[in-house]
Each structure stands twice: as C-alpha cells, then as structure tokens.
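Subject: Structure handover

Hi,

Here is the structure I promised to pass on. Please open it first, then read my notes below.

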Amino acid sequence: KNEGCDPWFIVEQNFREVFDYSKHHGVNKMKKRQESIEFVCNDVVLHGDIRITFYDHDEFPVPRDEKMFFVWFHTGFIEENKLVLVKDEIDGASKDKRCKVFKQEFRVE
C-alpha cells in the first residue's frame, strides 16, 4: 500500500528533454502528511522556454510513473534567480478546484 508520493521530474528546454531527475538522483520518497519536498539540482542551467513535468513513481501493483502536473515558463521572466508558481498557475493542479489532491496553498518554487 502506497502511503505517500514518490515524485521526480523531467525538464524540457525549447521542446527537448535536457534533464531527468530520476536518472541523476533517483526518486524521492514523500510521506502522506509531509508538507514539502526539495529537489537539489544546481548543475542544470536553463534558458528559453521551459517545461517541467512532475511524476509519481509507483512500484505496486506494477511499476509505473503517473504524470501529476507540469509548469511552463520562459527564463526571461525569472528575477533574482527565483520563480514561484501558485496552484492556479500549475497545469494539472489548477483543475483540482475541490483540493482533493493539491491543497489550495500548493506551489512550486
């Protein structure tokens, strides 16, 4: 029984995959009531149009990766090397109006 989420992500730059977190760092384990998770990937330099797609990895009953949400942005809009996207700006999470999966405070930084 899965009691949480095992997130990982891929990064696409100008519609080409440039980074797969699971290949470089494995898959993180996030417990059911855990409030946040941090992915460290300082070795990735991006420019232009970026799409980051987040997946949840499950082993049972069969291994699979389910798309959770994704974000689009252009690096030209990032100030002071930080980007914060709130739930309404995150594709996949924004459709969860009743907060069954993503809390209203959900965000990606």
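I start with one residue. Glu109 is exposed, because its relative accessible area is 54% and the cut-off for exposed is over 50%. Keep in mind that this is a predicted model.

**Salt bridges**

What does Glu109 pair with at 3.5 Å? The partner is Lys82, with 3.5 Å between the closest N and O atoms of that salt bridge. This pair ties together distant parts of the chain, 27 residues apart. Glu109 sits in the segment after strand 8, while Lys82 is in the loop between strand 6 and strand 7 (85-86).

Glu109 also forms a salt bridge with Arg107. Here the closest N and O atoms are 2.5 Å apart. Arg107 counts as partly exposed, at 47% relative accessibility. Lys82, Arg107 and Glu109 are thus named together: they are linked in a network of salt bridges.

Lys87 and Asp96 form another salt bridge, with the closest N and O atoms 4.0 Å apart. Are these two buried or exposed? Lys87 and Asp96 are both buried. A search of the whole structure gives five salt bridges.

**The largest pocket**

The largest pocket holds about 2000 Å³ of space. Its lining counts 45 residues. Closest to the centre are Ile37, Phe39, Arg107, Val108 and Glu109. Arg107 and Glu109 also belong to the salt-bridge network.

Several elements give two or more residues to this lining. They are strand 1 (4-5), strand 2 (7-13), strand 4 (30-31), strand 5 (49-58), strand 6 (64-74) and strand 8 (107-108). Which of them gives the largest share? Strand 6 does, with six residues. By type, the lining of the largest pocket divides into 25 nonpolar, 14 charged and six polar residues.

**Strand 2**

Strand 2 deserves a separate look. Seven of its seven residues are buried, so strand 2 is largely enclosed by the rest of the structure. In a regular strand, side chains alternate between the two faces of the sheet. In strand 2, Pro7, Phe9, Val11 and Gln13 point one way. Trp8, Ile10 and Glu12 point the other way. Residues on both sides are buried, Glu12 and Gln13 among them.

What does strand 2 pair with over seven bridges? That is strand 5, in the antiparallel sense. Pro7 has Asp56 of strand 5 as its bridge partner. Strand 2 also pairs with strand 3 (residues 16-20), again antiparallel, over four bridges. There, Val11 has Phe19 as its bridge partner. Strand 2 and strand 3 make a hairpin, with two residues between them. Asn14 lies in that turn and has a positive phi of about 50°.

**The whole chain**

The protein has one helix and eight strands. From the N terminus, the order is β-β-β-α-β-β-β-β-β. The radius of gyration is 14 Å, close to the 13 Å from the globule rule for 109 residues, so the protein is as compact as a globular protein of that length. Along the principal axes, the C-alpha atoms fill a box of roughly 40 × 30 × 20 Å. Buried residues make up 34% of the 109 residues.

Over to you.

Best wishes

How values were computed: Residues are numbered from 1 along each chain as its sequence is written. This is a predicted model: local features need pLDDT of at least 70, side-chain atom pairs count only at pLDDT 80 or more; totals for chains, interfaces and linings use all residues. Side-chain values use heavy atoms; hydrogens and water are left out. On a 1 Å grid over the protein atoms alone, a cavity is a set of points where a 1.4 Å probe fits but cannot get out, and a pocket is an open set with protein on both sides within 12 Å along at least five of seven lines; lining residues have an atom within 4 Å of a point. Grid points are joined across faces, edges and corners, and a volume is the space filled by probe spheres set on the points. Ala, Val, Leu, Ile, Met, Phe, Trp, Tyr, Cys and Pro count as nonpolar, Asp, Glu, Lys and Arg as charged, and the others, Gly among them, as polar. Buried means under 20% relative accessible area, exposed over 50%, partly exposed in between (1.4 Å probe, protein chains only). Two strands pair if DSSP finds at least two bridges between them. A salt bridge is a side-chain nitrogen of Lys or Arg within 4 Å of a carboxyl oxygen of Asp or Glu. The radius of gyration is taken over C-alpha atoms; the globule rule is 2.2 Å times the number of residues to the power 0.38.
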